[in-house]
Amino acid sequence: MDYKKTGATQECVTRNIQNFDKLTGNIYETIVVLGKRANQISADLKEELQGKISEYSQNARAESMDDIFENREQIEIAKFYETVPKASLLATQELLFDQIYFRDPSKDLEL
């Protein structure tokens with residue numbers, strides 16, 4: 001998923017708690033959902049970044065010119081990931097736009 005195109009801001013924004021309460025019926029459940037989704041997003045970003053960086057570490061050459069070009073590419077990759085909003089902000093954006101699916105297994109057992 002391209003997290004850069006989600007439209008989430010990198011700034012802290014004051015949010016209305018009632019918007020979060022509507023989705024689960026409980027603000028604490030919403031916080032748990034946001035935390036779990038943020039962990040998933042963070043793991044995806046970390047895996048993607050490590051995959052891109054591992055390409056350069058496996059193809060390390062002794063030539064100085066190649067090292068310079070690889071270093072520039074690594075810097076550009078790092079700059080891209082620095083501009084991606086934090087995982088918690090991405091999770092909040094997904095929750096507000098109903099892009100998260102969640103369920104409570106304990107409530108499923110009660111039915």
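The legends below describe close-up views of a predicted model.

**Figure 1. Overview of the chain, which has five helices and zero strands.**
Read along the sequence, the elements follow the pattern α-α-α-α-α. The chain has 111 residues, and 23% of them count as buried. About 8400 Å² of the chain is exposed, with carbon and sulfur atoms supplying 52% of that area. Among contacts in the chain with a separation of 6 or more, 79% are between residues 24 or more positions apart.

**Figure 2. Helix α4, residues 87-96, is mostly covered.**
Eight of the 10 residues of α4 are buried. Ala87, Leu89, Leu90 and Ala91 are among them, as are Thr92, Gln93, Glu94 and Leu95. The buried set of α4 thus includes Gln93 and Glu94 as well as Leu89 and Leu90. Just after α4, Asp98 takes a positive phi of about 55 degrees; Asp98 has its own view in Figure 4.

**Figure 3. Thr92, a residue of helix α4.**
Thr92 has a relative accessibility of 12% and therefore counts as buried, the cut-off being under 20%. The side chain of Thr92 reaches the backbone oxygen of Ser88 at a distance of 2.8 Å. An α-helix has 3.6 residues a turn, so residues three or four places apart point the same way. Leaving aside residues up to four places away in sequence, Thr92 touches Arg15, Phe20 and Leu34.

**Figure 4. Asp98, in the loop between α4 and α5.**
The phi angle of Asp98 is near 55 degrees, a positive value in a residue other than glycine. This residue comes just after α4. Asp98 counts as exposed because its relative accessibility is 58%, and the cut-off for exposed is over 50%. Thr92 in α4, by contrast, is buried at 12%.

**Figure 5. Asp104, in the loop between α4 and α5.**
With 27% relative accessibility, Asp104 counts as partly exposed. That value falls in between the cut-offs, under 20% for buried and over 50% for exposed. Asp104 and Val33 are 71 residues apart in sequence. In space, the C-alpha atoms of Asp104 and Val33 are 9.8 Å apart. Val33 appears again in the next view, where it is part of the lining of the largest pocket.

**Figure 6. The largest pocket, with a volume of about 320 Å³.**
The pocket is lined by 14 residues, of which Val32, Val33, Lys36, Phe102 and Arg103 are the closest to its centre. Helix α2 (27-58) and helix α5 (105-110) each supply at least two residues of the lining. The largest share, six residues, comes from α2. By residue class, the lining of the largest pocket divides into six nonpolar, two polar and six charged residues. Among the residues closest to the centre, Val32, Val33 and Phe102 belong to the class counted as nonpolar, and Lys36 and Arg103 to the class counted as charged.

Notes
Residues are numbered from 1 along each chain as its sequence is written. This is a predicted model: local features need pLDDT of at least 70, side-chain atom pairs count only at pLDDT 80 or more; totals for chains, interfaces and linings use all residues. Side-chain values use heavy atoms; hydrogens and water are left out. Buried means under 20% relative accessible area, exposed over 50%, partly exposed in between (1.4 Å probe, protein chains only). On a 1 Å grid over the protein atoms alone, a cavity is a set of points where a 1.4 Å probe fits but cannot get out, and a pocket is an open set with protein on both sides within 12 Å along at least five of seven lines; lining residues have an atom within 4 Å of a point. Grid points are joined across faces, edges and corners, and a volume is the space filled by probe spheres set on the points. A polar contact is a pair of N or O atoms within 3.5 Å; within protein, one must be able to donate a hydrogen and the other to accept it, and residues adjacent in sequence count only if both atoms are side-chain atoms. Contact means heavy atoms within 4.5 Å. Accessible areas come from the Shrake-Rupley method with a 1.4 Å probe; for residues, only the protein chains shown count as cover.
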